[in-house]
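Biologist: I would like to go through the terms used for this model and hear the reasoning behind each one. Please show the structure and we can start.

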Amino acid sequence: MAAPRAEVVIDLDHLRHNVAHLDALAADAETMAVVKADGYGHGAVEVARAALEAGATWLGSCSLAEALHLREHGLTAPVLAWLDPPGTDYAPGVARGVDLSASSVRQLAEISAAATRAGRTARVHLKVDTGLSRNGCPPADWPELVERAARTPNVEVHAVWSHLAVADEIGHPATDAQAERFDDAYREARAAGLDPRRHLANSAAVLTRPDLHFDLVRPGIAVYGLNPVPVPADLRPVMTFRSVVALTKRVPAGEAVSYGLTWTSKSDTTLALVTAGYADGVPRALSNRVHVWLNGRRHPVVGRVCMDQVVVDCGDHPVAEGDEVVLFGTGAHGEPTAREWADTAGTIDYEIVTGMYRPRVVRTYRGRR
Ligand SMILES: *Cc1c(COP(=O)(O)O)cnc(C)c1O
């Protein structure tokens, strides 16, 4: 059978290893595996199943639709959905036991109305903005939100929570400032008669701030084996992006390659045409700036990245049509990593792996399913 022209291979054994490691680091807290954006491009349902096997007890989604997708695939674990536009019908979420987040009195009212329609109590997590200035209730409005929540009969407040802005910069004073505001918000919630749990930590804080683990931690990127902090952690990258050599050709010195003719061979060389381009997730910004792993060594991508293909300069090394090409992987053997791509392209590895969520790229799973 022919190899797929562009494929991401998801190693579920690596994913289970990462979750078990993170869960052990947050020993006194439960672990919510964040699986938004189709599991950061790795497949939310498969990731969720593997994460729960490895010790996670919660799942985290961005939208309600993502959370309901997990329910539709038989995942019954607690799942929190935290960001949808006004007018969203939360009733199917309440009916299916999805925890919902409220950052304002208006959102709380929408959830309460949905609970009425669904005929059951909604479980909510009240989100406070402690300094990210994104989602979350500003501190000035927080007392009203917690008091309203305490008085809303068909809403059960399970937790107060917030999100960190610079946890990946170890020792940054803003994290301590956020922690202080979080503490204030918690005390105000208790003063309103609530007895909520607390959660604050993203991957970076799971790895570096045990004092901020509270009752539940919410790692995302580290679940996928990518380390957001500059300290070593026992994480194994989960995604490998691979393609295949479709054509090889020997060219003389002085031959230019790809649109714009931006690269010219300096000597006789073998070029390999690889069937992955920017429509498959290879950023065009990596033109002439990245290597692939082919037959046990690195070879440069030469010329512009095209929509469907790239050209690789193999020099005088052996290469054959049909050979496997690793575009990025774990790095264990010397192959490029998603992090290396991100650094070169001026972004973060989150965007690289999440960008692999595209219909043209085949996704396959390795490891026990
Ligand atoms: C995405 C997200 C996370 C996970 O963040 P990582 O940096 O990937 O660990 C946690 N909490 C919230 C609210 C998020 O949006």
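Biologist: What is the make-up of residues 238-366 in helix and strand, and how far apart are the end C-alpha atoms?

Modeller: Over residues 238-366 the chain is 36% strand and 11% helix, with 10 Å between the end C-alpha atoms. This is a predicted model. The stretch itself comes from UniProt, where an unreviewed entry has "domain: Alanine racemase C-terminal" at residues 238-366.

Biologist: How many helices and strands does the protein chain have?

Modeller: The protein chain has 11 helices and 18 strands. Its C-alpha atoms fill a box of roughly 80 × 40 × 35 Å along the principal axes. Of its 369 residues, 53% count as buried. Among the contacts with a separation of 6 or more, 67% join residues 24 or more positions apart.

Biologist: Why is H1 called oblique to H3?

Modeller: The axes of H1 (residues 12-25) and H3 (residues 44-53) cross at roughly 45° and come within 8 Å. Roughly parallel needs an angle under 35 degrees, and roughly perpendicular runs from 65 to 115. The crossing of roughly 45° fits neither class, so H1 is oblique to H3.

Biologist: Which residues make that contact, and what is the handedness of the crossing?

Modeller: H1 passes H3 in a right-handed crossing. From H1 the contact uses Leu 12, Leu 15, Arg 16 and Val 19, and from H3 it uses Glu 46, Val 47, Ala 50, Ala 51 and Glu 53. By class these are six nonpolar, no polar and three charged residues. Arg and Glu count as charged, so Arg 16, Glu 46 and Glu 53 are the charged residues of this contact.

Biologist: What are the angle and the axis distance for H7 and H8?

Modeller: H7 (residues 142-151) and H8 (residues 173-191) have axes that come within 9 Å and cross at roughly 35°. H7 passes H8 in a right-handed crossing. Trp 142, Pro 143 and Val 146 of H7 meet Ala 185, Glu 188 and Ala 189 of H8.

Biologist: What makes the count for the contact of H7 with H8 five nonpolar and one charged?

Modeller: Trp, Pro, Val and Ala count as nonpolar and Glu as charged. The contact therefore has five nonpolar residues, no polar ones and one charged residue, Glu 188.

Biologist: Asp 176 also lies in H8. Why does Asp 176 count as partly exposed?

Modeller: The relative accessibility of Asp 176 is 36%. Buried requires under 20% and exposed over 50%, so Asp 176 counts as partly exposed. Its C-alpha atom is 9.9 Å from that of Leu 164, which is 12 residues away along the chain.

Biologist: How do you know that Lys 36 is partly exposed?

Modeller: Lys 36 has 26% relative accessibility. That value is not under 20% and not over 50%, so partly exposed is the class. Lys 36 lies in helix H2 (residues 36-40), and UniProt, in an unreviewed entry, lists it for "modified residue: N6-(pyridoxal phosphate)lysine". Beyond its neighbours within four places in sequence, Lys 36 contacts Gly 60, Ser 61, Cys 62, Glu 66 and Trp 82.

Biologist: Where is Ser 267, and why is it called partly exposed?

Modeller: Ser 267 is in the loop between strand E12 (263-264) and strand E13 (269-274). Its relative accessible area is 42%, between the limits of 20% and 50%, so Ser 267 is partly exposed. Ser 267 touches Val 251, Pro 252 and Ala 253, leaving out residues up to four places away in sequence. The C-alpha atoms of Ser 267 and Ala 102 are 63 Å apart.

Methods
Residues numbered from 1 in each chain as written. Predicted model: local features only at pLDDT ≥ 70, side-chain atom pairs only at ≥ 80, totals over all residues. Heavy atoms only, no water. Axes fitted to C-alpha atoms, helices over the stretch in contact; angles between N-to-C directions. Helix = DSSP H or I, 4+ residues; strand = E, 2+ residues; numbered from the N terminus. Parallel < 35°, antiparallel > 145°, perpendicular 65-115°, else oblique. Left-handed = near helix turned anticlockwise from the far one by under 90°. Contact = heavy atoms within 4.5 Å. Buried < 20%, exposed > 50% of the residue type's maximum accessible area, 1.4 Å probe, protein only. UniProt positions renumbered as here; feature names shortened; annotations may be inferred.
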